[in-house]
Amino acid sequence: MTDKRNGKYRTAVVLALFALGLFLFTLYTGLK
Amino acid sequence: MSDVAHAHDDHGHHAHPTGIMRWLTTTNHKDIGTLYLFFALIMLFAAGSMALLIRAELFQPGLQLMHPDFFNQLTTMHGLIMIFGVIMPAFSGFANWQVPLMLGAPDMAFPRMNNWAFWVLPVAGLMLMSSFLLPGGAVAGGWTMYPPLFIQGGISYDLTILAVHIMGLSSIMGSINIITTILNMRAPGLTLMKMPLFCWTWLITAYLLIATMPVLAGAVTMLLTDRNFGTHFFNAAGGGDPVMFQHIFWFFAHPEVYILILPAFGIVSQVIPTFARKPLFGYASMVYATASIAILSFIVWAHHMFTVGMPAAAQLFFMFSTMLIAVPTGVKVFNWVATMWKGSMTFETPMLFAISFVCLFTIGGFSGLVLAIAPVDIQLHDTYYVVAHFHYVLVSGALFAIFAGIYYWMPKWTGHMYDETLGKWHFWLSVIGMNIVFFPMHFLGLAGMPRRIPDYALQFTEFNQIATVGAFIFGFSQLVFLVVVLKAIKGGAKAPARVWEGAEGLEWTVPSPAPYHTFETAPVVK
């Protein structure tokens, strides 16, 4: 389980990057 | 589930702040869960009072109590606050309290981010509420924030956009925390397909939030720049497209509907097996049905916009894809009924709310199917039929599931049994009151009464009067709920660790009230 808990930062960063990307993509669709 | 309960009282190795500082600085999932739940309770009474003012105005045709613009402010703020200030924070409260307890985790994965995710919420709530005091009053363009109305309003519109940004940020932080906790912090042996269904529904809800909240943030950012920085994203005069806002908004807002109901499915899926004294029927199919509903929710958004004009092929696509959602939803309803079938059922307050959820949410689901039919929707769009539909989904659905969950877990949280007699009074007054308010609205809508108006034609009077009487019964019965909660916090019969005879899961292995720190040593799940 120790290994799995160490992976929490990677999980969080991936999710945060996805959210940020989606926000920027939404603005991009508005610009078109 | 687990053969050993690893619960510990506070070891005293931290000096905990007391008073207000305890709540401001807390990183404990139970404290933060409590904060979310109390925030939701306060906002429930605020937005509920707005609903009663709306219903009081609609008791008679003509204008009695308020200016039409204030009426529009009330309907807009009632919707925004009930969604972003009541239902979503209440479910976040459940997630904070229950997910670590159900997974055998000592806390959420990111406790400090958890604190931040909560404490930005009251700021947003205050911004929304204080906008009533600004010149021009609060936002009045509907909770859907459609341009051009939303581009033309006063300063409160900017304040609302900022509040929506903050609430979205809070939801994203909360979702990252929940997903990470579920994926990375489960007790050894607790595989995903052994997780309690409440954790599954929240895992899927958190993914939905992360996939939709940034879209809402993008939409309101474009509104903000249209209002203040001379852009023309949604301004037709400048080459923009107001219908594009509707597409972007509903791409967020239809999955949002499932964000508001999937955790409710999770709560009901915990409560019904407990009081039927049987395992949940079709666990795996419940998981797959929840995931199917979530996936389908991304391809149905334009059913909210049949009247804006779209090709027949698009109408057919959105009509049939919407109807398809009834299949996994039906799987869930049949599974709940099958769980109760030949069970040794008892009818404590949580079970009463859960059963009424199954019956009344299904009514809301069926009226949703009616509205999914494009030619019918074109007749019923923006009528009281729609108001009846989504209140059956969100009041007898989401809110009743919240009540079921609070009665179910309150003894675990407070260490005291709630007053069962008062709980039953609360249930019966709520269920009767709720139906008196919202059932006549189907007839009003079918007869053509439009929503979001302070005045109406004479022939709608009787059903409106019935609805208003029901609203006051339903509204004031929530004071009974307040008394039940305050009584249980203050005292009452001592609750055992396993509060309910048929309850299963790790949360019932720790004492009641759940100690401040639990599962510091992970339990082993077989």
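**View 1. Salt bridges and polar contacts between chain B and chain A.** Across the interface of chain B and chain A of this predicted model, zero salt bridges are found. A salt bridge here is a side-chain nitrogen of Lys or Arg within 4 Å of a carboxyl oxygen of Asp or Glu. Two residue pairs are in polar contact, both at pLDDT 80 or more. A polar contact is a pair of N or O atoms within 3.5 Å; within protein, one must be able to donate a hydrogen and the other to accept it, and residues adjacent in sequence count only if both atoms are side-chain atoms.

**View 2. The side of chain B that touches chain A.** Three helices, α6 (155-184), α7 (197-228) and α8 (242-276) of chain B, each give two or more residues to this side. Helices are DSSP runs (H or I, at least four residues), numbered from the N terminus. α7(B) gives the most, with eleven residues.

**View 3. H29(B) and its contacts.** H29(B) lies in helix α2 (residues 29-57) of chain B. Is H29(B) buried or exposed? At 0% relative accessibility, H29(B) counts as buried (under 20% relative accessible area, 1.4 Å probe, protein chains only). Among the residues H29(B) touches are W97(B), D107(B) and T518(B), not counting residues up to four places away in sequence. Contact means heavy atoms within 4.5 Å.

**Notes.** Residues are numbered from 1 along each chain as its sequence is written, and chains are lettered from A in the order in which they are written. Local features need pLDDT of at least 70, and side-chain values use heavy atoms, leaving out hydrogens and water.

How values were computed:
Buried means under 20% relative accessible area, exposed over 50%, partly exposed in between (1.4 Å probe, protein chains only).
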